[in-house]
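Here is a quick tour of the empty spaces in this model, with a few backbone oddities and single residues along the way. Keep the viewer open as you read.

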Amino acid sequence: MSISRDAILEWIKAYAAVIEENKTYLTDLDAAIGDADHGANMHRGFKAVLGKMSELADKDIGTILKTVGMTLLSTVGGAGGPLYATFFLQAGMKTAGKMELTPEDWYTALEAAVNGVKMRGKAELEDKTMIDALVPALNALNESIHDGASMTEALQRCAQAAKEGMEATIPLVARKGRASYLGERSAGHQDPGATSSYLLLKTAAEVLGKA
Amino acid sequence: MKKLINDPERVVQEELEGIALAHPDLVKVHFNPNYIVRADAPIKGKVGIISGGGSGHEPMHGGFVGLGMLDAACPGAVFTSPTPDQMLEATKAVSGGAGVLHIVKNYTGDVMNFEMAADLAKAEGIEVESVVIDDDVAVKDSLYTAGRRGVGSTVLAEKLCGAAAEEGRSLKEVADVCRKVKDWGRSMGMALTSCAVPHVGKPTFDLPEDEMEIGIGIHGEPGRKRMKIKPADEIVEMLMEPIISDIPYKEGDEVILFVNGMGGTPLIELYIVYRKAYEIATKHGLKVVRNLIGPYITSLEMAGTSITMLKVDEDMIKLWDAPVKTAGLRWGI
């Protein structure tokens, strides 16, 4: 089973809806340890992305993902802007010209995306950031592909690992981003960036994993 | 929370429209992408200076665009870093051939967005230097965190660098002035109340009537310590001690003492703060040679204050006294 161009478009649209639904939730998580803008910023960005959808209908996956990245870069702001922009730009570069993706293609794209976020944010595992959801998810995807799992199962294991990574940020003391200013007081709260990253991969499992 | 606004989504847009109408002699406002630029930019042969950050800190940065200070400012959404396309367009708009200095406050988002903008500007052949201000002693500086926040020293850096650029100094020389401010300035703030981001509509954190937050940042992020409210003099001591002990200020050093209002604290209280801060500085053998008192780097309607102390040399005092003509700061002209 492969991932079609139309499925990628559907994934982006579905994620925009998920962000809309979770706007207040993400902002509330951010208010606890950051500056109360993550939900609003992501919502503004993906609203702009939705506005670009009609012109992307006949484009290749690389162009779609790069356009999402450039749109987020100029609309989101904050730290989430450059990080999610980098995520989609890097994934777009690995999928240039492609109209469908094999599981290996998807892994390659996600790997470049996650490495891009690491490079831009200079964050490592357990810094209490997006990376804590993304890296375990990438590893789970890799293992699933090696195990010969179906695309649906691989995406589900990927999303499950992101969920566990997100939940594991709760006890962590932040070492990157605005939450790090709180020191010990950042412990006990779930990281908003890890949460929006989990939602992205959860949406991928729901939309792209449809057999 | 009651606010004097029309639509939470249009706060920055409508503020910029007001600025454009109020100060056409000083600035032009460019929309989409948003930036405020000196009316006479670009100035041939002069180093351009831009800064930017989330909105909600007015008059910083837009109110400091004009002769002797910034060439352009990029306002983001409230408490949200602006985006690289704004910074790139502003950089191009102020580039007079002598290079452009980016004065960046140390926040993860601001630093990443300015880095991307500097890369894009360099790719277009504009020489860019960036200095990241990180003067907030309330935050522990460590290799493993985002580091100290950029606060009050930013205002002083914009004034001194603006004067240096106006004199015709080179990009490296102007950036050196900025690095001196970064190295020699320290700040710490406190809050009596929280503040509400317009599109959120409720206070960013809860602060009971009889408590205060010591070590507050400028985005309503909680500080490091919460305690019962105390008399002003004791609060000032709690802010001044970490500042003075953080840099090895020597007896006889000359300083600029900047008492800043967070947005909701009246001048009458800021002068009470200044009185004690001056006394403490003097007791430590520091000579307060210049001062700035008022709300210059605010946090919406938050009540509270921050104190910034900057060690200065003769050159910096001269740059401080040089003429400045902006909406937020004006003298010597």
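How much space lies in the second largest cavity? About 50 Å³. Bear in mind that this is a predicted model.

**Cavities**

The lining of that second largest cavity consists of Trp11(A), Leu65(A), Phe87(A), Ala91(A), Trp106(A), Ala109(A) and Leu110(A). Helix 4 and helix 5 of chain A are the elements that give two or more residues to this lining, and helix 5 of chain A has the largest share with three residues. Sorted by class, the lining has seven nonpolar residues, no polar ones and no charged ones.

Counting cavities of 30 Å³ or more gives three. The largest of them has a volume of about 560 Å³. Its lining has 38 residues, and those closest to the centre are Ala79(A), Gly80(A), Leu83(A), Gly177(A) and Arg178(A). Both chains take part here: two or more lining residues come from each of helix 1 (5-33), helix 2 (38-56), helix 4 (80-94), helix 5 (103-121) and helix 8 (192-208) of chain A, and from helix 3 (108-123) of chain B. In contrast to the seven nonpolar residues around the second largest cavity, the lining of the largest cavity is a mix of 15 nonpolar, 15 polar and eight charged residues.

**The largest pocket**

Now for the open space. The largest pocket holds about 820 Å³. It has 31 lining residues, with Arg44(A), Thr75(A), Glu9(B), Asn34(B) and Ala77(B) nearest its centre. Chain A contributes through helix 2 and helix 3, and chain B through helix 1 (11-22), strand 5 (72-78) and helix 2 (84-94), each with two or more residues in the lining. Helix 2 of chain A gives the most, with five residues.

Here is how the three linings divide by class.

| Space | Nonpolar | Polar | Charged |
|---|---|---|---|
| Largest cavity | 15 residues | 15 residues | eight residues |
| Second largest cavity | seven residues | no residues | no residues |
| Largest pocket | twelve residues | 13 residues | six residues |

**Thr67(A), up close**

Helix 3 of chain A, one of the elements lining the largest pocket, covers residues 61-75 and includes Thr67(A). Is Thr67(A) buried or exposed? Its relative accessibility is 18%, so Thr67(A) counts as buried. A polar atom of the Thr67(A) side chain lies 2.6 Å from the backbone oxygen of Thr63(A). Beyond the neighbours within four places in sequence, Thr67(A) is in contact with Lys52(A) and Leu56(A).

**Backbone details worth a look**

Chain B has a cis peptide bond between Asn32(B) and Pro33(B), with omega at about 0°. Pro33(B) belongs to the loop between strand 1 (27-30) and strand 2 (35-38) of chain B. Another cis peptide bond joins Ala41(B) to Pro42(B), this time with omega at about -5°, and Pro42(B) is in the loop between strand 2 and strand 3 (48-55) of chain B.

Over in chain A, the loop between helix 5 and helix 6 (131-146) holds Lys122(A), whose phi is positive, near 50°, even though the residue is not a glycine. Lys128(A) is found in the loop between helix 5 and helix 6 of chain A as well, and its phi is also positive, near 70°. With a relative accessibility of 1%, Lys128(A) counts as buried.

**Helix 4 of chain B**

What span should the 14 residues of helix 4 (residues 153-166) of chain B have? At 1.5 Å a residue the helix should span 20 Å, and the end C-alpha atoms are indeed 20 Å apart, so the two values agree. Of those 14 residues, 13 are buried, so helix 4 of chain B is largely enclosed by the rest of the structure. Just after this helix, Gly168(B) takes a positive phi of about 95°.

**Ile229(B)**

Last stop: Ile229(B), in the loop between strand 10 (225-228) and helix 6 (232-246) of chain B. Its relative accessible area is 43%, so Ile229(B) is partly exposed. Leaving out residues up to four places away in sequence, Ile229(B) touches Leu192(B), Asp210(B), Glu211(B) and Met212(B). Pro208(B) is 21 residues away along the chain, with 9.9 Å between its C-alpha atom and that of Ile229(B).

Note on methods: Residues are numbered from 1 along each chain as its sequence is written. Chains are lettered from A and ligands numbered from 1 in the order in which they are written. This is a predicted model: local features need pLDDT of at least 70, side-chain atom pairs count only at pLDDT 80 or more; totals for chains, interfaces and linings use all residues. Side-chain values use heavy atoms; hydrogens and water are left out. Helices (H or I, at least four residues) and strands (E, at least two) are DSSP runs, numbered from the N terminus. Buried means under 20% relative accessible area, exposed over 50%, partly exposed in between (1.4 Å probe, protein chains only). A polar contact is a pair of N or O atoms within 3.5 Å; within protein, one must be able to donate a hydrogen and the other to accept it, and residues adjacent in sequence count only if both atoms are side-chain atoms. Contact means heavy atoms within 4.5 Å. On a 1 Å grid over the protein atoms alone, a cavity is a set of points where a 1.4 Å probe fits but cannot get out, and a pocket is an open set with protein on both sides within 12 Å along at least five of seven lines; lining residues have an atom within 4 Å of a point. Grid points are joined across faces, edges and corners, and a volume is the space filled by probe spheres set on the points. Ala, Val, Leu, Ile, Met, Phe, Trp, Tyr, Cys and Pro count as nonpolar, Asp, Glu, Lys and Arg as charged, and the others, Gly among them, as polar. The expected span of a helix is 1.5 Å times one less than its number of residues.
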